[in-house]
Amino acid sequence: MTTDSIEQLFVNGLEELYYTEQQLIDALETLAEQTNDEAASQAFSEHRTETQEHVNRLEQVFEQIGEEPQAKDEQVVDALIDEHEQFAQENDGDVLDRYNIEVGQKTEHYEIAAYGNLTSFAGKLGYDEAADLLEETLREEESALDELSQAGEQFDEQQIASD
Ligand SMILES: [Fe+2]
Ligand SMILES: [Fe+2]
């Protein structure tokens with residue numbers, strides 16, 4: 001693979017994430033409002049604030065590589081949001097809470113894979129400052145996943161105890 005095509009993969013990935021993060025700002029607000037479990041709801045709402053910063057960081061990355069920030073439709077996040085909307089129409093209570101935690105975790109796994117690769121591409125292409133910014137976001141995605149995973153485990157333990 002030539003460096004040119006890695007540069008293309010890099011820019012393409014940035015544009016998809018720029019779209020994804022903007023969709024997630026609204027999605028995380030919905031999740032925070034809709035989830036009764038306190039730990040999960042708080043994790044969603046704190047991560048929403050971080051996600052606004054993820055959008056800002058991506059804009060800085062675009063600037064550093066001399067590209068205009070552009071959002072490119074990303075079907076993965078669209079599908080996750082659609083599926084969630086449908087599930088939320090048909091379910092509520094504990095089942096919806098637990099589903100919300102799961103869909104949140106899936107989203108973080110997706111972002112971790114995307115940011116992990118983009119951090120590596122940025123390093124390879126010599127965009128060191130961009131790599132640092134992307135890695136900063138990567139760490140926040142990882143800790144959001146940890147918090148949601150803990151909330152999910154606690155939720156399941158409480159369910160077992162109350163059965
Ligand atoms: Fe993010
Ligand atoms: Fe995230």
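Helices here are DSSP runs of H or I, at least four residues in length, numbered from the N terminus. The model shown is predicted.

**View 1. Helix α4 and the glycine after it.** Helix α4 covers residues 93–124 and holds 32 residues. At 1.5 Å a residue, the expected span is 46 Å. The end C-alpha atoms lie 47 Å apart, which agrees. G126 follows α4. The phi of G126 is positive, near 85 degrees.

**View 2. The iron ion (ligand 1) and its protein donors.** Four residues supply the donor atoms: E21 (OE, listed twice), H54 (ND1), E111 (OE) and E141 (OE). These donors lie 2.1 to 2.4 Å from the iron ion (ligand 1). Along the chain, their spacing reads E-x32-H-x56-E-x29-E. E21 sits in helix α1 (residues 3–34) and E141 in helix α5. That pair links distant parts of the chain, 120 residues apart. E21 and E141 are both buried.

**View 3. The iron ion (ligand 2) and its protein donors.** Coordination comes from H47 (NE2), E108 (OE, listed twice), E111 (OE) and E141 (OE). The distances run from 2.0 to 2.7 Å. The donors of the iron ion (ligand 2) follow the pattern H-x60-E-x2-E-x29-E in sequence. H47 belongs to helix α2 and E111 to helix α4, so this pair ties together parts 64 residues apart in sequence. H47 has a relative accessible area of 3%, under the 20% cut-off, and therefore counts as buried.

**View 4. The bridge between the two iron ions.** The iron ion (ligand 1) and the iron ion (ligand 2) are 3.4 Å apart. E111 coordinates both. E111 is buried too, at 1% relative accessibility. E141 (OE) appears among the donors of the iron ion (ligand 1), and E141 (OE) is also listed for the iron ion (ligand 2).

**View 5. Helices α2 and α5 packed against each other.** Helix α2 spans residues 38–64, and helix α5 spans residues 128–162. Their axes come within 10 Å. The axes cross at roughly 165 degrees. Angles over 145 degrees count as roughly antiparallel, and α2 and α5 are therefore roughly antiparallel to each other. The crossing is left-handed. By class, the contact of α2 with α5 has 12 nonpolar, 5 polar and 8 charged residues.

Notes
Residues numbered from 1 in each chain as written. Chains lettered and ligands numbered in written order. Predicted model: local features only at pLDDT ≥ 70, side-chain atom pairs only at ≥ 80, totals over all residues. Heavy atoms only, no water. Axes fitted to C-alpha atoms, helices over the stretch in contact; angles between N-to-C directions. Helix = DSSP H or I, 4+ residues; strand = E, 2+ residues; numbered from the N terminus. Parallel < 35°, antiparallel > 145°, perpendicular 65-115°, else oblique. Left-handed = near helix turned anticlockwise from the far one by under 90°. Nonpolar A, V, L, I, M, F, W, Y, C, P; charged D, E, K, R; others polar. Expected span 1.5 Å × (residues − 1). Donors = N, O, S within 2.8 Å, 3.2 Å for Na, K, Ca; no water. Buried < 20%, exposed > 50% of the residue type's maximum accessible area, 1.4 Å probe, protein only.
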